[in-house]
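Got your viewer open and a free hand for clicking? Let's take a short walk together, one selection at a time.

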Amino acid sequence: SPLLCSFYFFFSTTCKAQLSSSFYESTCPNALATIRNSIRAAISRERRMVASLIRLHFHDCFVQGCDASILLNGTSTIISEMEAGPNRNSARGHQVIDAAKLEVEKICPGVISCADILSVAARDASVAVGGPSWTVKLGRRDSTTANPDKANSDLPSFRDGVNRLISRFADKGLSARDMVALSGSHTIGQAQCVTFRDRIYNNASNIDAGFASTRRRGCPANQGDGNSNLALLDLVTPNQLDNNYFKNLIQKKGLLESDQVLFSGGSTDSIVSEYSSNPSKFLFDFASAMVKMGDIEPLTGSAGQIRRIYSAVN
């Protein structure tokens with residue numbers, strides 16, 4: 001079977017040294033259309049994949065930059081980032097990126113990086129559910145190493161308070177507004193019971209009682225029971241990337257603690273209020289923040305390599 005983005009097999013090629021939206025214009029002009037078709041097909045099979053691909057890109061960029069390190073499987077010399085707590089049994093979508101990689105390898109072998117495919121896939125996923133589009137800068141190279149320790153230390157937690165979240169994003173060059181806008185991706189997708197159990201059973205003042213009662217039906221109180229049971233992050237428009245997430249927060253109906261803290265009397269309340277009443281501003285800021293996130297420490301020029309499928313070089 002072919003070895004794809006999840007495997008440590010590389011092919012060196014000469015690259016320009018900076019990101020550019022026209023990076024593959026001459027070397028693989030049909031790359032973006034090929035990736036888009038592959039991503040659309042995957043989403044048509046499973047709508048949930050939209051949230052999974054955006055999250056996969058996010059979890060990649062926050063750990064040693066947007067370098068596809070999250071896609072590397074474990075080997076005798078690599079401990080996969082998928083073994084880190086924030087990713088274990090939750091990060092998904094690798095096979096979709098592999099499938100897109102296989103398609104572009106057919107037309108331009110050894111040219112398109114897995115890191116760029118993941119970046120493009122996140123944009124195409126957003127568009128598929130009514131979210132914004134943006135121009136993806138290209139030319140990233142693929143990492144040959146993974147860093148599960150950094151995944152454990154740098155990725156946000158569902159238990160984080162608002163100041164901790166602001167700090168984590170600032171460490172990556174992203175503002176508090178970027179953080180709130182990117183959190184708006186929780187208007188789609190699902191969360192495991194273990195990530196919101198404490199919130200729905202603690203009878204705190206920052207959760208709507210009826211909302212908590214509804215969410216308890218699929219998430220037992222006992223630790224360990226139903227940990228992996230899934231619940232929609234947004235019950236109202238779960239398959240649309242819109243501003244309903246922020247309306248939920250104002251109603252004390254954020255599913256995760258790290259969601260609700262964005263509207264809890266702190267410094268980000270005004271941004272949540274703005275996005276709840278101005279959907280176009282949210283979508284604009286979300287797209288801008290995704291572009292900024294895609295700029296986090298990319299490997300370019302001769303750094304890193306381009307992963308290839310084994311069958312293409314044998």
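Here is a tour in a few stops, from a wide view down to a single residue.

**Before you click.** This is a predicted model, where local features need pLDDT of at least 70, side-chain atom pairs count only at pLDDT 80 or more, and totals for chains, interfaces and linings use all residues. Residues are numbered from 1 along each chain as its sequence is written, and side-chain values use heavy atoms, leaving out hydrogens and water.

**Stop 1: residues 35-278.** Select this stretch: an unreviewed UniProt entry annotates it as "domain: Plant heme peroxidase family profile". UniProt positions are given here in the numbering of this model, feature names are shortened, and such annotations may be inferred rather than shown by experiment. The stretch is 47% helix and 2% strand, with its end C-alpha atoms 31 Å apart. Helices (H or I, at least four residues) and strands (E, at least two) are DSSP runs, numbered from the N terminus.

**Stop 2: helix H2.** Now pick residues 49-61. Of these 13 residues, 12 are buried, so H2 is largely enclosed by the rest of the structure. Buried means under 20% relative accessible area (1.4 Å probe, protein chains only). Try colouring some of the buried ones, including His57, Phe58 and His59. What do the buried residues of H2 pack against? Show helix H1 (31-45), H3, H4, helix H6 (162-170) and helix H13 (279-293), and you have the partners.

**Stop 3: where H3 meets H4.** Select residues 94-107 for H3 and 114-128 for H4; the two pack at an angle of about 115 degrees, with axes 10 Å apart. The axes are lines fitted to C-alpha atoms over the stretch in contact, and angles run from 0 to 180 degrees between N-to-C directions. Show side chains for Ile97, Ala100, Lys101 and Val104 on H3, and for Cys114, Ile117, Leu118 and Ala121 on H4: these make the contact, meaning heavy atoms within 4.5 Å.

**Stop 4: along H4.** Stay on H4, where 13 of the 15 residues are buried, so this helix is largely enclosed too. Just after H4, click glycine 130, whose phi is positive, near 80 degrees.

**Stop 5: aspartate 116.** Step back into H4 and select aspartate 116. Is this residue buried or exposed? Aspartate 116 is buried, with a relative accessible area of 1%. Leaving aside neighbours within four places in sequence, aspartate 116 is in contact with Tyr24, Lys137, Leu138, Gly139 and Arg140.

Technical notes
Buried < 20%, exposed > 50% of the residue type's maximum accessible area, 1.4 Å probe, protein only. Expected span 1.5 Å × (residues − 1).
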